[in-house]
Amino acid sequence: MHLLSVEHITKSYGEKLLFEDVTFGVEDGDKIGIIGVNGTGKSTFLKVIAGLAPADSGTVSVGGSVTVRMLAQDPAFAPGETALEHVLGGDSPQLRAVRGYAAALEAIELKPNEAALQERLIKANQRMDELDAWQLESEAKTALSKLGINDYDAKVETMSGGQRKRVAMAAALLLPSDVLILDEPTNHIDNDSVAWLEGMLQKRRGALLMITHDRYFLDRVSNRVIELDRGRAYFYQANYSRFLELKLEREEREAASEAKRQNLLRNELAWIRRGAKARTTKQKARIDRFESLKADAPKQASGKLDVSVASSRLGRKIVELEGVTKRFGDRTLIRDFSYIAVPEDRVGIVGRNGSGKSTLLKLIAGRLAPDEGTVELGATVKLGWFSQEHEEMDQSLRVIEYIREGAEQVKTADGTTVSAGQMLERFLFSPAMQWTPISKLSGGEKRRLQLLRVLMDAPNVLLLDEPTNDLDIATLTVLEDYLDDFPGVVFVVSHDRYFLDRTVEKVIGFEGNGIITHHTGNYSDYQAFVEKLGGGDGAGAAPASAVKAAASQPGGTVAGAKPAGRERALKMSYKDQKDFEQIDGWIADAEAELQAIAERMEEASSDSARLQELAAEQQRLEEKLEKLMDRWTELNELAEQIAAQKQ
């Protein structure tokens with residue numbers, strides 16, 4: 001069934017063209033993901049389709065009985081309304097019936113013997129039966145609780161921005177609509193909620209259009225992709241994985257076409273320079289073709305983000321937490337937690353919203369003090385804090401002024417120094433954009449600017465609090481590559497399962513009631529570990545009873561839970577201790593030998609016999625290095641377990 005038609009829509013913002021001459025249709029069952037770098041106009045694109053913003057030209061046609069609903073990034077609420085009132089406050093017949101029944105019930109409780117009120121209640125009851133609306137309130141409460149809102153009577157105006165977004169999402173999911181439009185639906189919700197939302201949208205009837213950076217979510221929910229790129233829209237009948245393949249094929253075709261155009265242009269230019277005379281029809285046609293070839297040049301590429309920023313040297317002592325406890329009122333978020341960071345640690349921190357993940361980062365950063373225990377940082381530690389919000393950005397400043405507050409010059413990874421303006425260009429802020437007030441930037445552009453400000457201080461320990469919020473997929477990919485080569489330590493709080501799988505090698509899981517687990521592996525490994533324990537709803541924290549058993553599971557240790565009985569204490573043997581002290585040096589020596597072999601192979605490129613000898617030596621050294629790395633992992637895991645058992 002055809003639901004909606006978009007025909008030749010174009011939209012500009014000042015002098016910037018967002019999209020031009022876009023035409024497509026939406027059918028029942030379509031689940032369309034909108035992809036594009038920050039600032040390409042994705043949110044504006046959805047607002048035009050939803051009828052919330054006008055197009056400069058073109059039309060959007062919606063079927064006569066088709067309902068379109070959009071969950072915006074900044075939803076509006078009525079003053080004084082509660083979470084449940086907002087979710088049940090729609091204008092559908094079922095919701096009106098629910099409110100009518102509630103009002104009749106409330107009235108008859110005040111005057112139980114009044115005949116008119118009894119008649120009113122009977123009619124309200126019948127209306128509920130006719131519309132099969134009895135489960136609606138229960139469904140509203142289920143949606144709110146699944147999205148982390150358990151106080152249904154809380155005033156929305158007293159909630160945080162993330163909580164308000166979740167209330168609005170529950171309403172959008174509950175209200176009937178033929179076309180549902182979601183702008184970054186996975187922002188501000190935890191992994192459990194993302195998994196539940198994923199299942200809801202997979203089963204949902206009607207059509208869906210959404211912007212999201214969550215690649216697992218996009219891959220599992222979408223069946224079509226629209227990519228906005230330099231004002232043009234590209235259409236793919238595919239999920240995210242297939243989209244990547246099709247996009248690569250398209251870019252290869254475009255590159256071949258451009259190479260052919262350049263070759264023709266060179267030939268025509270040579271002919272023109274030989275002194276073509278525009279006298280005959282044939283010659284004039286050839287000159288016209290030359291002008292046409294020049295005009296057919298593809299639009300300038302938007303550029304690629306260059307995260308080439310220096311970092312500071314990091315000593316042996318990095319971050320050490322010993323017996324840390326943190327309470328807020330009667331609630332204990334962190335109970336007797338210990339952790340010792342090791343070089344190049346990549347630690348993901350996961351758990352339900354409000355469980356204490358950001359609190360742990362603030363304790364490490366010294367922004368909060370523990371109620372019990374200690375947090376110690378090494379003398380060489382230089383922290384970089386990438387927070388969820390933009391509260392530390394003065395929105396009135398211009399982009400270049402905000403960066404110059406940090407430094408006029410920035411040192412890059414290769415040791416060179418560039419100006420603040422040049423570094424901004426590497427982060428895709430053109431010279432014109434650099435004089436734009438921060439308040440005028442899109443959410444993703446603000447996040448990109450904030451990321452540059454953090455990295456330009458050359459940190460060696462990064463604290464990333466929901467770094468994927470509002471960043472486009474292209475920027476996330478570059479950030480992931482940067483973290484691959486980052487020589488320091490990374491602690492990251494994130495609900496983005498793909499990002500966690502891509503970047504972390506250890507997981508700290510907040511399981512509730514102050515209990516925290518340590519696990520070696522990425523997020524998928526952690527999730528499998530939790531499910532093996534009989535954990536929760538399969539998407540996050542395990543029940544406390546299962547978590548307490550985790551101390552005996554391979555790969556998992558528990559903070560805040562003491563070993564039962566008289567277990568034999570772990571300790572390093574004399575050989576383990578000696579190896580632990582020297583293994584970093586052994587690895588460095590092996591890497592240096594491999595580098596030397598590579599240089600000798602390059603010098604002997606014309607001597608096949610010598611190359612064979614060097615290749616055999618290279619293979620031997622690679623096997624040696626692999627064994628050393630395995631031993632390094634074994635010793636560091638043992639050191640962590642020894643530290644954990646002291647709790």
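In the predicted model, Glu622, Glu623, Glu626 and Asp630 together form a negative patch on the surface. Of these residues, Asp630 belongs to helix H20, which spans residues 608-644.

Charged side chains also occur in pairs, and 25 salt bridges are found across the whole structure. One of them joins glutamate 445 to lysine 16, with an N to O distance of 4.0 Å. This contact connects distant parts of the chain, since glutamate 445 is in helix H14 (residues 443-455) and lysine 16 is in strand E2 (residues 16-27), 429 residues apart. Glutamate 445 is buried, at 6% relative accessible area, whereas lysine 16 is partly exposed, at 36%.

A salt bridge is also present between arginine 316 and aspartate 584 (3.6 Å, N to O). Here, too, distant parts of the chain are linked: arginine 316 lies in the loop between helix H10 (281-295) and strand E10 (319-328), and aspartate 584 lies in helix H19 (residues 574-603), 268 residues apart. Arginine 316 is exposed, with a relative accessibility of 55%, while aspartate 584 is partly exposed, at 32%.

Arginine 502 and glutamate 480 form a further salt bridge, at 3.9 Å from N to O. Because arginine 502 is located in helix H16 (residues 497-503) and glutamate 480 in helix H15 (residues 473-485), the pair ties together parts 22 residues apart in sequence. Arginine 502 is partly exposed, at 30% relative accessible area; glutamate 480, by contrast, is buried, at 2%. Both residues participate in a network of salt bridges that links Arg215, Glu480, Asp481, Asp484 and Arg502.

Definitions and conventions:
Residues numbered from 1 in each chain as written. Predicted model: local features only at pLDDT ≥ 70, side-chain atom pairs only at ≥ 80, totals over all residues. Heavy atoms only, no water. Patch = residues over 30% accessible without salt bridge, like charges linked within 9 Å, V, L, I, M, F, W, Y side chains within 5 Å. Areas by Shrake-Rupley, 256 points an atom, 1.4 Å probe, with all protein chains shown as cover. Lys, Arg positive; Asp, Glu negative; His and termini not counted. Charge placed at Lys NZ, Arg CZ, Asp CG, Glu CD. Helix = DSSP H or I, 4+ residues; strand = E, 2+ residues; numbered from the N terminus. Buried < 20%, exposed > 50% of the residue type's maximum accessible area, 1.4 Å probe, protein only.
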